[in-house]
Amino acid sequence: MANSQEFVSRRIHSLLGLVPIGLFLLVHLVANYSATRGAEAFNSTVTFMESLPILIVLEFVFIYIPLLFHAIYGIYIAFQAKSNVGNFGYLRNHLFLWQRISGIITLIFVAWHVWQTRIQIAMGTEFNYDLMASILSNPAMVVFYVIGVLAAVFHFSNGIWSFLVHWGITVGPRSQRLASYFTLVIFVVVSFIGIRAITAFIQ
Amino acid sequence: MADKLVHLIITRQDTPDSTPYKEEFKVPYRPNMNVISALMEIQRNPVNAQGQKTKPVIWESNCLEEVCGACSMVINGKPRQACSALVDKLEQPIRIEPMSTFPVQRDLSVDRSRMFDALKRVKAWIPIDGTYDLGPGPRMPEVDRQWAYELSKCMTCGVCLEACPNVNEKSPFIGPFAISQVRLFNQHPTGAMNKHERLEALMGEGGIAECGNSQNCVQACPKGIPLTTSIAHMNKETNKYALKRFFFS
Ligand code: SF4
Ligand code: FES
């Protein structure tokens with residue numbers, strides 16, 4: 001049993017990426033999207049989220065701990081690969097490389113984003129529409145947020161594709177190709193939701 | 001036509017530890033030449049493009065019909081068999097290098113031991129030895145035989161390892177071919193009796209979990225083996241086995 005540690009870690013890494021992290025990403029972006037209906041609507045979403053019982057426990061169990069594991073183990077996986085898209089320029093090989101690049105970008109973005117929002121709240125700042133609007137009044141921040149969201153959504157969508165293979169759900173080439181189209185649609189739709197939410201904070 | 005030349009740039013290495021260097025050759029062209037016959041020209045007349053006498057280039061080959069896997073090398077950036085690499089279909093100068101995944105012995109000859117070790121690790125055989133005659137084994141359904149035959153075409157050539165971004169010095173990955181071989185031997189009605197041993201091996205260090213789905217292997221395999229299908233199938237099998245082992249034993 002001891003020698004399958006790596007196997008088990010990889011499978012957990014794959015599972016956590018979808019549940020809860022991927023699920024959290026969706027909830028988060030959809031919640032942000034309420035900003036498109038104005039500051040009022042966004043603030044009431046925030047109030048609702050903050051009213052959830054045992055919020056801090058939920059955050060640790062469903063977000064911070066899985067995310068940390070996924071991130072740290074992911075860095076190890078990313079730097080183990082020796083990319084060769086130069087000689088093997090196939091689509092899947094490019095996506096393989098971008099899965100690793102987008103993971104690192106997402107990690108940097110999330111660290112910064114947590115510092116700007118969650119940690120500030122923990123230190124006493126009140127979180128509302130205006131806080132985000134002031135962060136996004138800086139055009140450089142808008143660019144950074146757009147890149148961060150696109151990287152996260154790409155990593156999530158392409159991660160679903162890999163999840164389906166790692167768990168033996170899409171086995172043959174046909175089902176894997178269908179999964180490619182399916183995850184492409186997810187990428188487009190979720191990116192739209194995410195970016196539309198960012199622009200809702202720009203006044 | 002008689003003085004048409006084939007231009008080769010070969011990455012050479014004199015001993016396993018010495019530094020590689022490039023040497024250029026111009027050998028007389030003949031119709032329907034392949035890379036092996038170009039190398040044989042150098043063997044016959046070991047003179048480089050500068051007209052200096054040099055050591056003949058070393059390579060490995062056996063079958064000369066793409067079934068033994070011995071002559072794999074990197075030709076114009078792609079790992080493939082030299083015996084089926086036709087000069088007429090290659091862009092010149094033809095760049096020839098040894099496969100970088102394996103330790104070079106000399107020039108184009110590499111040591112593929114790690115592949116044979118991987119086959120031993122996953123027990124890629126069917127144990128039939130006993131102290132008495134066990135009689136004939138169960139028959140294999142024809143539908144399974146047909147696809148299993150495709151998997152059995154693997155010639156341990158190393159191309160899928162060379163193409164894989166996750167097979168390198170930082171990773172212990174045994175490579176795509178070994179995973180496909182487990183699928184082959186686990187499908188065999190007699191081989192299936194030792195299924196779990198091979199699954200355990202695939203779940204061990206450097207096993208199936210190291211696959212990162214770049215899917216280069218299936219594009220590169222000269223025998224057209226559905227490696228990614230085998231890998232996804234074995235993902236399912238190892239997951240099932242791991243869950244069963246966790247909950248029921
Ligand atoms: S699976 Fe294909 S590429 Fe890999 S060793 Fe076998 S024949 Fe060569
Ligand atoms: S010599 Fe056997 S594959 Fe080329």
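**Cavities, a pocket and a sheet in a predicted model**

Mentor: Let's start with the lining of the largest cavity in this predicted model: by class, seven of its residues are nonpolar, seven are polar and none is charged.

Trainee: Thanks! Which elements give two or more residues to the lining of the largest cavity?

Mentor: This cavity has a volume of about 100 Å³. Its lining counts 14 residues, and B:C164, B:C211, B:N213, B:S214 and B:C217 lie nearest the centre. The elements that supply two or more of the lining residues are α7 and α8 of chain B.

Trainee: And where does ligand 1 sit?

Mentor: Start with its surroundings: 14 residues lie around ligand 1, and B:C154, B:C157, B:G158, B:C160 and B:C221 come nearest. Now look at the second largest cavity, where B:C154, B:C157, B:C160, B:C221 and B:I225 lie nearest the centre. B:C154 is named for the ligand and for this cavity. Ligand 1 indeed sits in the second largest cavity.

Trainee: How many residues of the shell around ligand 1 are charged?

Mentor: Take care to keep shell and lining apart here. The lining of the second largest cavity has ten nonpolar, two polar and two charged residues. The shell around ligand 1 has eleven nonpolar and two polar residues, and its charged residues number one.

Trainee: What about open space: which helix gives the largest share of the lining of the second largest pocket?

Mentor: That pocket has a volume of about 540 Å³, and 24 residues line it, with A:L91, A:R92, A:L95, A:W161 and A:S180 nearest its centre. Both chains take part: α4 (91-122), α6 (139-166) and α7 (173-199) of chain A, and α7 (216-220) and α8 (227-248) of chain B, each supply at least two residues. By class the lining has eleven nonpolar, eleven polar and two charged residues. The largest share, eight residues, comes from α7(A).

Trainee: Let's turn to the strands. Which are the edge strands of the five-stranded sheet in chain B?

Mentor: The sheet is open, its pairing is mixed, and its order is β2-β1-β5-β3-β4. Each edge strand pairs on one side only, and these strands are β2 (21-28) and β4 (78-81) of chain B. From one strand to the next, the twist averages 35 degrees. So to name the edges: β2 and β4 of chain B.

Trainee: Last one: which residue in β4(B) is the bridge partner of B:I75?

Mentor: Strand β3 (residues 72-75) of chain B runs antiparallel to β4(B), and four bridges join them. Within β4(B), the partner of B:I75 is B:K78.

Terms used. Residues numbered from 1 in each chain as written. Chains lettered and ligands numbered in written order. Predicted model: local features only at pLDDT ≥ 70, side-chain atom pairs only at ≥ 80, totals over all residues. Heavy atoms only, no water. Near = heavy atom within 4 Å. 1 Å grid on protein atoms, 1.4 Å probe; cavity = no way out; pocket = protein on both sides within 12 Å on 5 of 7 lines; lining within 4 Å. Sits in = over half its atoms within 2 Å of the grid points. Nonpolar A, V, L, I, M, F, W, Y, C, P; charged D, E, K, R; others polar. Points joined across faces, edges and corners; volume = space filled by probe spheres on them. Pairing = 2+ DSSP bridges. Axes fitted to C-alpha atoms, helices over the stretch in contact; angles between N-to-C directions.
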